[in-house]
Amino acid sequence: MRKIIVLSFITLDGVMQAPGGPEEDTFGGFRYGGWTVPYFDEFSGKVMGEQMSKTAALLLGRKTYDIFAGYWPEHEDSWPGINDVPKYVVSTTLVNPEWENSIALKDIEDVKRLKQSNGPDLQVHGSSVLIQSLLKADVVDELWLKFFPITLGVGKRLFGEGVIPVAFKLIESQVAPSGVIFANYARSGEVKTGSF
């Protein structure tokens with residue numbers, strides 16, 4: 001069975017919207033696009049390079065797919081092999097995706113069937129709407145998060161309404177000189193409670 005791994009840049013207050021540039025996602029009048037850029041140092045680039053080199057397949061929402069398909073085919077030198085890996089895009093309107101090795105999925109049920117099949121793990125980048133559906137459906141196996149030392153107060157959040165109670169365990173962590181915390185978590189069962 002494949003794992004679904006969510007990779008996300010997030011602020012301390014949980015915002016994940018438009019980390020890479022001012023025009024990336026201005027939905028809702030968001031005006032802080034590119035908020036990760038001042039914190040990206042050589043260390044962060046190295047960690048991201050390692051994580052991206054582990055990409056065996058992508059699972060993307062439609063908006064992120066369109067952004068990626070408009071950029072990565074011509075910039076494969078920055079993400080070697082990205083054009084060759086399978087890319088699954090969840091969309092109710094996209095029928096024949098043009099980026100090579102792309103396959104359209106209709107809904108979360110298609111994602112569940114894909115997860116149960118044999119094949120490489122699925123990395124989810126961006127895709128805020130899709131991530132909400134994946135978390136609600138309880139199909140996320142790992143979270144590879146990058147916490148940036150900034151709060152924005154507005155924007156799309158990684159954990160929105162509908163997220164179910166789930167426990168995770170820390171499996172790897174690193175801290176960049178810029179203050180970015182890289183923390184990878186794996187699903188560890190049900191939520192446990194207690195008292196002091």
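This report describes aromatic ring contacts in a predicted model.

A pair of aromatic rings is described by the distance of the centres and the angle of the planes. The structure holds 11 aromatic pairs, and two of these pairs are set out below.

| Pair | Arrangement | Centre to centre | Angle between planes |
|---|---|---|---|
| Phe 30 and Tyr 32 | edge-to-face | 5.9 Å | 75° |
| Phe 40 and Phe 148 | stacked | 6.5 Å | 25° |

In the edge-to-face pair of Phe 30 and Tyr 32, Phe 30 has 6% relative accessibility and therefore counts as buried. Tyr 32 has 30% relative accessibility, so Tyr 32 counts as partly exposed.

Phe 40 and Phe 148 form a stacked pair. Phe 40 belongs to the loop between strand E1 (4-11) and helix H1 (42-53), while Phe 148 belongs to strand E6 (residues 142-148). The pair therefore ties together parts that are 108 residues apart in sequence. With a relative accessibility of 34%, Phe 40 counts as partly exposed. Phe 148, at 1% relative accessibility, counts as buried.

Phe 40 and Phe 148 are also members of a cluster linked by ring pairs. The cluster consists of Phe 9, Trp 35, Tyr 39, Phe 40 and Phe 148.

Another contact involves a ring and a charge. The charged end of Lys 87 sits over the ring of Trp 99, and its distance from the centre of that ring is 4.6 Å.

How values were computed
Residues numbered from 1 in each chain as written. Predicted model: local features only at pLDDT ≥ 70, side-chain atom pairs only at ≥ 80, totals over all residues. Heavy atoms only, no water. Phe/Tyr/Trp six-rings, centres within 6.5 Å; stacked < 30°, edge-to-face > 60°. Buried < 20%, exposed > 50% of the residue type's maximum accessible area, 1.4 Å probe, protein only. Helix = DSSP H or I, 4+ residues; strand = E, 2+ residues; numbered from the N terminus. Lys NZ or Arg CZ within 6 Å of the ring centre and 35° of its normal.
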